[in-house]
Amino acid sequence: MLASLKWLKEYVEIRISPAELVDKLTMVGLEVESMRERSPSFRNIVVAKILSVKHHPQADKCFLCEVTTGDTTYPVVCGAGNIRSGNVVPFAKVGAVIPGGYTIRSSKIRGEISEGMLCSEEELGIGDDSTGIMILPGNLPIGKDLSEALDLTDVVLDIAITPNRSDCLSIIGIAREIAAITGSNFRYPDINVTENDEDIKKITSVHILDPDLCPRYSARIIKNVAIGPSPLWMRQRLEAVGLRAINNIVDVTNYVMMELGQPLHAFDFRFLEEGRIVVRRPLSGETFVSLDEKERILETDTLMICDGVKPVAIAGIMGGLNSEVKEDTETILLESAYFDPISTRKSSKWLGMNTDAAFRFGRGVDPEGVVNASARAAQLMAEISGGTVCKGCIDEYPQKVKKAKDIPLRVKRVNDILGTDIKDAEIVKILKSLNMKICEDTNGHYRATPPTYRVDIEREIDLIEEVARFHGYDRIPVTLPPGSSVTVTKDHKEIVRKRLREILQGSGYSEIITFSFISPGSLDMLGLPAGDDRRKIVKIRNPLTEDQSVMRTTLVSNLLETMKKNANAGCFDLKVFEIGRVFFHQREGELPKDKNMFGCLISGMLDNNIWLSKTSTDFYDLKGCVENIFDGLKILNGEFRSDYRETFLHPGKSCGIYVDKRCIGFLGEVHPDVLLKMDLKNKVYVSEIDMELLADCFTGDVCYKELPRFPSVVRDVAFVVGEDLEADKMLNIARDMGKELLEKVSVFDVYSGKSITQGNKSVGLRFIYRAPERTLTDDEVSQVHSGIVKHIVDLTGAKIRGEGN
Amino acid sequence: MLKELEELQKQADAELLVSKTEEEFLALRTKYLGRKGLLTGFLRNLGNIEPEKRPLVGNHCNEIKNAITEKLDDALKAIAGLKQDDELLRDRIDVTLPGRKIRVGKLHPIIQVSRDICEIFEALGFSIVEGPEIELDYYNFEALNIPKNHPARDMQDTFYIEDNIVLRTHTSPVQIRVMEKQRPPVRILSPGRVYRPDSDISHTPMFHQIEGLLVDKSITFGDLKGVLTSFLKQLFGEGTALRFRPSFFPFTEPSAEVDIRCVMCSGAGCRVCSQTGWLEILGSGMVDPEVFKNVDYDPEDVSGFAFGLGLERIAMLKFGISDIRLFFENDQRFLEQF
């Protein structure tokens, strides 16, 4: 809401500086977002009087004038025909600057000297009239600076009005707040309509057929208006608050809306068939062309203002083209009404028409301000259009608008909520300054009736807020709540997330955050089959773009997108992870299922120190990361199984991740087809793990094991096996057999090539034997060890390397 | 005799002073302390003096011997040290070459800010809770005193899944879900993703908020001020000036916006603070009685306050980021800076 300081001053005295006012308004909840000085963009233009006008001897269309600024007389050549000797006009002296940055110079026009320029409204940038020189009121002091003489400077505040404060969507609304802040008197505009003796009831009538949507409708008739431009002062004010001047009648309706907050509409009475107003819902299939020249089919609940036959306006939203005020309009029917806020909002939304009027009706206007606003507008129309106001005002008010009355207020409650010790007297004073009626019931118990324009005040807490606003938030003491008796609980999943972040960070992965929505096409890109759970997508009805139109069911596509974006930016080495939710459609009307997932991606070179060795990342780097997660979360029975398949992973370089035989995720190299589709050159490895399942596996328990007191015995064996044999198979055989003395068995070397027959590989296993209570003897170890080795050989067909292979 | 000794000492001191190399010092040792050394000779001749003078001269003689020995030892030790340094220096490396570091990953700036804020409130007894990101209209709006067609719905454009299912537009629905399940007292904090259809230099369709709620017996607006003041001073520094000003949220009353002095211009007025000198940081207010009624709390019995803030805004201010979209581009060159 734009508010002109000059306009405000008409209703309230403002003795503080604009900066101070900005601060004070902001601190009572009318946040001033910006303050702008309005001043004309011309300099050195003065009020001057034309002493004589005669034709230019060398140019038909020009005139030679003598103008005076009081002490000096200047010869001026002028091209406009509307000037007469004795006119008071704006005069740009030599050296003056007019809008657009032109400097006026002394010149010779067809042989005649011109020492300046007479200006039109348009040339001065203060109006649209370019038809002739601007003729100023004769009483302006000659020689005075024009901008001072016309009082053209102003300060305009842009105030953010919160949705509850519809009463402040007007100049007087803001002036009232200023009066309450500063204690200055508030002056309501003088409303004084001079009526002729033609009774309005004989001219027109109003019928409200749907009082639920239109509780109140008033009409006035103004006759013999002459349509033309509004006076400068009105145009200036409208412009200051961001409205465009149109003509004197429309301008008055806008002016009064800005002044009092009541939207109005002026109909050209001659276009109202049967000369009357009917307020009703539309007939089925009825169409309407509004002022914006768009034809609309009307919805059942869009309230219409009609004449005896047809709709002439969408109630509270926009007038119709068929009854618009035109240049030759003579008789005006002026509408001032109260429309139901909810219905207006619905219609305005449905029609996509958010007009100033709809905005105000939608938030609630003062139901008791309707008739006053009508009178105010009628008065102004008569004043500036030469019309006469017919006697009386039709005021149909079939359904009283609910108004808050006698709201109980307890002083103790005020102080209990605010943490203050505000006395009765201050509370009463604040509420009275806001024009509330206060009665005292018993000690500390009051009843307050707010003014009808304060539609936001209905409950005790609303009154408490008013007290807080005007007592001043800054004066409310700063305290701390008493110690909490609630135990702080740590969410198990949150603990796992935190651990996970630490582990990943330590492993060199950076966290990313991507949008929760994806393109529906990205699931096709991953080649997910039709029956896959991840095809149960949740669609957004009103997405911003197709690319963001469904909720994700996997993090993989976003991880790959991130890879792609970085590759495009020249960064091919990436180690990133994300923790975020995925969503699955359930049934219509039901909330989708969501769960937290963890995803990570690695690609490119491992080390970015150029002078040290560089190696490409591979499957085992990513697997190591997942193993780190298991280590960090103390998950002991993690497993990686090659019989797991994802359409978007390399079938020979991917696996499922299992804990206790339950699949919790996958990891692997991205399928070359997917990389090709995404135009990614380097190999990319991704993993995704269900956070809920991972959290289930995490207990947080750590149980310390005594450090060994006796030495271990280490035996290394290299087995030659078929190249398809998985190392896990050998390790599991060893573990199953050697439960007692075998402390650990691990792979220390994998080799194929020279000296190994084609189709085979050598897998070196390291066996560590130890007994907790004694030093093992060589014989003892050999016995157990050879048993294990033999078993491995028996079950896998392995040969021991170096034993006659 | 004594006089001769003093001469000897002076001479030795002078020679020690001019000696530099190891050889010179070793020669001095032989000259004075060796088997045929001058001082040794002196001691050997002690028998020739009168017995009553012997102890005096003897003592003096030993003192001089010790002094010379000590000086010689020090000098030789220093020389040896220098010699070793020389040898080690021949084995020098280029210490300016980059280290062989295990690269540590970076947490996303939004996560860092979220973590910092959560830690502050955890110390104040708040528990961290979560809520669904796809919400029923009831939790996102109605239970928060935002009925259908209420003007306050204009404050938040909404992504719809179905008529009654939305992407949550704020973290406030978590308040309702918690209060439905838990009787007062309540102290919770809920960070998370929220969604609004908006996209430009200062808006992304997804962003992050943190919601806070404290409900107990006799909680006041003063407590709201106290807790949020303490929080903001911890987050932005003890010297941070702040102000509470009236505002409107349908689910709190009285409501307050909290501003801090602009961190860019310290209040002088700049582009970041739109010349006002203040930065809007969070919205807050006393829980509206209507909200309490919706979760079956008695507003006459308990009171409380709620607050919410946008994490991107905090991160942008803390790190000097001017384009919110950068947070979700996940450009490595961006992420590496935090």
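Helix pairs whose axes meet at under 35 degrees count as roughly parallel, over 145 as roughly antiparallel, 65 to 115 as roughly perpendicular, and the rest as oblique. Keep that scale handy, since two helix pairs in this predicted model get sorted by it below.

Let's start with the confidence scores. The model comes with an ipTM of 0.87 and a pTM of 0.85. For chain B, the mean pLDDT is 91, and 99% of the residues reach 70 or more.

Now for how the two chains meet. On the chain A side, 76 residues are in contact with 73 residues of chain B. If you want a place to begin looking, try helix α13 of chain A (residues 460-471), which supplies six residues, the largest share of the side that touches chain B. Sorted by class, that side of chain A has 34 nonpolar, 24 polar and 18 charged residues.

Next, the helix packing. Two packed helices are described by the angle between their axes and the distance between the axes. In chain A, look at helix α20 (residues 727-737) and helix α21 (residues 778-796): they pack at an angle of about 135°, and their axes are 9 Å apart. That angle falls in none of the three named ranges, so α20(A) and α21(A) are oblique to each other. Their crossing is right-handed. From α20(A), the residues at the contact are Lys729(A), Met730(A), Ile733(A), Ala734(A) and Met737(A), and they meet Gly787(A), Ile788(A), His791(A), Ile792(A), Leu795(A) and Thr796(A) of α21(A). By class that makes seven nonpolar, three polar and one charged residues.

Chain B has a helix pair to set beside this. Helix α2 (residues 22-33) of chain B packs on helix α4 (residues 54-89) of chain B at about 165°, with the axes 10 Å apart. Here the angle is over 145, so α2(B) is roughly antiparallel to α4(B). The crossing of this pair is left-handed. Glu22(B), Phe25(B), Leu28(B), Arg29(B), Tyr32(B) and Leu33(B) come from α2(B), while α4(B) brings Lys65(B), Ile68(B), Thr69(B), Leu72(B), Ala75(B), Leu76(B) and Ile79(B). The class count for this contact is nine nonpolar, one polar and three charged residues.

On to the sheets. Strands of a sheet pair through backbone hydrogen bonds, either parallel or antiparallel. Chain A has an open sheet of seven strands, with mixed pairing and the order β28-β31-β32-β36-β35-β34-β33. Its edges are β28 (510-511) and β33 (638-641) of chain A; each has a single partner strand, so one side of each is left without a neighbour in the sheet. Further in, β34 (residues 649-659) and β35 (residues 662-670) of chain A run antiparallel and are joined by seven bridges. One spot to check there is Ser654(A), which stands opposite Gly668(A) in β35(A).

Chain B also has an open sheet of seven strands with mixed pairing, this one in the order β1-β5-β6-β10-β9-β8-β7. The edge strands, β1 (127-128) and β7 (242-249) of chain B, each pair on one side only. Within this sheet, β5 (residues 186-195) and β6 (residues 206-216) of chain B pair in the antiparallel sense over ten bridges, and Arg187(B) stands opposite Leu214(B) in β6(B).

Back in chain A, there are two hairpins that share a strand. Strand β19 (residues 304-306) of chain A runs antiparallel to β20 (residues 311-314) of chain A, with three bridges between them and Met304(A) opposite Ile314(A). Four residues make the hairpin link from β19(A) to β20(A). β20(A) then pairs, again antiparallel, with β21 (residues 318-319) of chain A over two bridges, where Ala313(A) has Gly319(A) as its bridge partner. Three residues lie between β20(A) and β21(A) in this hairpin, and Gly316(A) in the turn has a positive phi of about 75°.

Finally, some backbone details in chain B. Most residues other than glycine have a negative phi, and most peptide bonds are trans. Which bonds go the other way? The Pro184(B) to Pro185(B) peptide bond is cis, with omega near 5°, and Pro185(B) sits in the loop between α7 (173-181) and β5 of chain B. The bond from Glu253(B) to Pro254(B) is cis too, with omega near -10°; Pro254(B) lies in strand β8 (residues 252-261) of chain B. As for phi, Asn145(B) has a positive value near 70° despite not being glycine, and its place is in the loop between α6 (137-140) and β3 (160-162) of chain B.

Notes: Residues numbered from 1 in each chain as written. Chains lettered and ligands numbered in written order. Predicted model: local features only at pLDDT ≥ 70, side-chain atom pairs only at ≥ 80, totals over all residues. Contact = placed C-beta atoms within 7 Å. Nonpolar A, V, L, I, M, F, W, Y, C, P; charged D, E, K, R; others polar. Axes fitted to C-alpha atoms, helices over the stretch in contact; angles between N-to-C directions. Left-handed = near helix turned anticlockwise from the far one by under 90°. Pairing = 2+ DSSP bridges. pLDDT = per-residue confidence, 0-100.
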